Amino acid sequence: MSKRPAPDRFETVAYVYSPSDLAILLSRLHFEGIYTSCAGRGHASADPGVTTALGGVRVRVHGGDVADAQAVLATLGNKNFAAPDYD
């Protein structure tokens with residue numbers, strides 16, 4: 001079995017707990033042409049109280065866009081985005 005990168009693989013670049021922070025982040029990523037997928041967004045919009053229990057809304061991008069998304073996160077300077085460690 002080969003370990004080629006999957007072109008449709010998504011990776012989590014941020015965990016967001018606030019609906020307003022999520023809107024800002026998604027707007028910036030979309031402005032930069034970075035397609036996003038959010039895991040947990042529907043649950044959080046139906047009942048914002050479960051956002052913490054879910055571990056935040058996971059903002060995911062295509063594997064090839066991770067570096068660009070991290071650059072966008074760095075420009076926002078918002079410490080409310082709990083970005084995963086990529087070491």
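**Group meeting: a helix, a sheet and what lies between them**

I would like to start with helix α4, whose buried residues are V66, A69, V72 and L73. Seen down the axis of α4, these buried residues fall within an arc of 120°, so they line one face of the helix. The face of α4 turned away from that buried side carries the exposed residues A67, A74 and T75. Please keep in mind throughout that what you have in front of you is a predicted model.

What, then, covers the buried residues of α4? The cover includes strand β1, helix α1, which spans 19-31, and strand β3. Just after α4 comes G77, and the phi of G77 is positive, near 60°.

Let me step back to the whole chain before returning to the sheet. The protein chain has 4 helices and 3 strands, and from the N terminus on its elements run in the order β-α-β-α-α-β-α. Of its 87 residues, 26% count as buried. If we take the contacts in the protein chain with a separation of 6 or more, residues 24 or more positions apart account for 69% of them.

Now to the sheet itself. The 3 strands form an open sheet in the order β1-β3-β2, with antiparallel pairing. The edge strands are β1, residues 10-16, and β2, residues 36-39, each of which pairs on one side only. From one strand to the next, the twist averages 30°. Helix α4, residues 66-76, packs on this sheet, where it touches β1 and β3, and its direction makes about 15° with that of β1.

How many bridges does β3 share with each of its partners? Between β1 and β3 the antiparallel pairing runs over 6 bridges, while β2 and β3, the latter being residues 57-62, pair in the antiparallel sense over 4 bridges. One residue of β3 lets you see both pairings in the viewer, namely R58: Y15 stands opposite R58, and A39 also stands opposite R58.

For the side chains, I will stay with β1 and take two of its residues in turn. T12 lies in strand β1, and is it buried or exposed? The cut-off for buried is under 20% relative accessible area, and T12, at 11% relative accessibility, therefore counts as buried. The side chain of T12 is also joined to that of R60 by a polar contact of 2.7 Å.

The other residue is F10, which at 23% relative accessibility counts as partly exposed. F10 brings us to the aromatic rings, for which the count comes to 1 aromatic pair. That pair is formed by F10 and Y35, and the arrangement is edge-to-face, with 6.1 Å centre to centre and 65° between the planes. Why might one point to this pair as a link between parts of the chain? F10 lies in strand β1 and Y35 in the loop between α1 and β2, so the pair ties together parts that are 25 residues apart in sequence.

To gather the picture around β1, then: this edge strand pairs with β3 over 6 bridges, is touched by α4, and contains both the buried T12 and F10, the partner of Y35 in the aromatic pair.

Methods:
Residues numbered from 1 in each chain as written. Predicted model: local features only at pLDDT ≥ 70, side-chain atom pairs only at ≥ 80, totals over all residues. Heavy atoms only, no water. Pairing = 2+ DSSP bridges. Axes fitted to C-alpha atoms, helices over the stretch in contact; angles between N-to-C directions. Contact = heavy atoms within 4.5 Å. Buried < 20%, exposed > 50% of the residue type's maximum accessible area, 1.4 Å probe, protein only. Arc of directions from axis to C-beta. Polar contact = N/O pair within 3.5 Å; in protein donor to acceptor, adjacent residues only side chain to side chain. Phe/Tyr/Trp six-rings, centres within 6.5 Å; stacked < 30°, edge-to-face > 60°.
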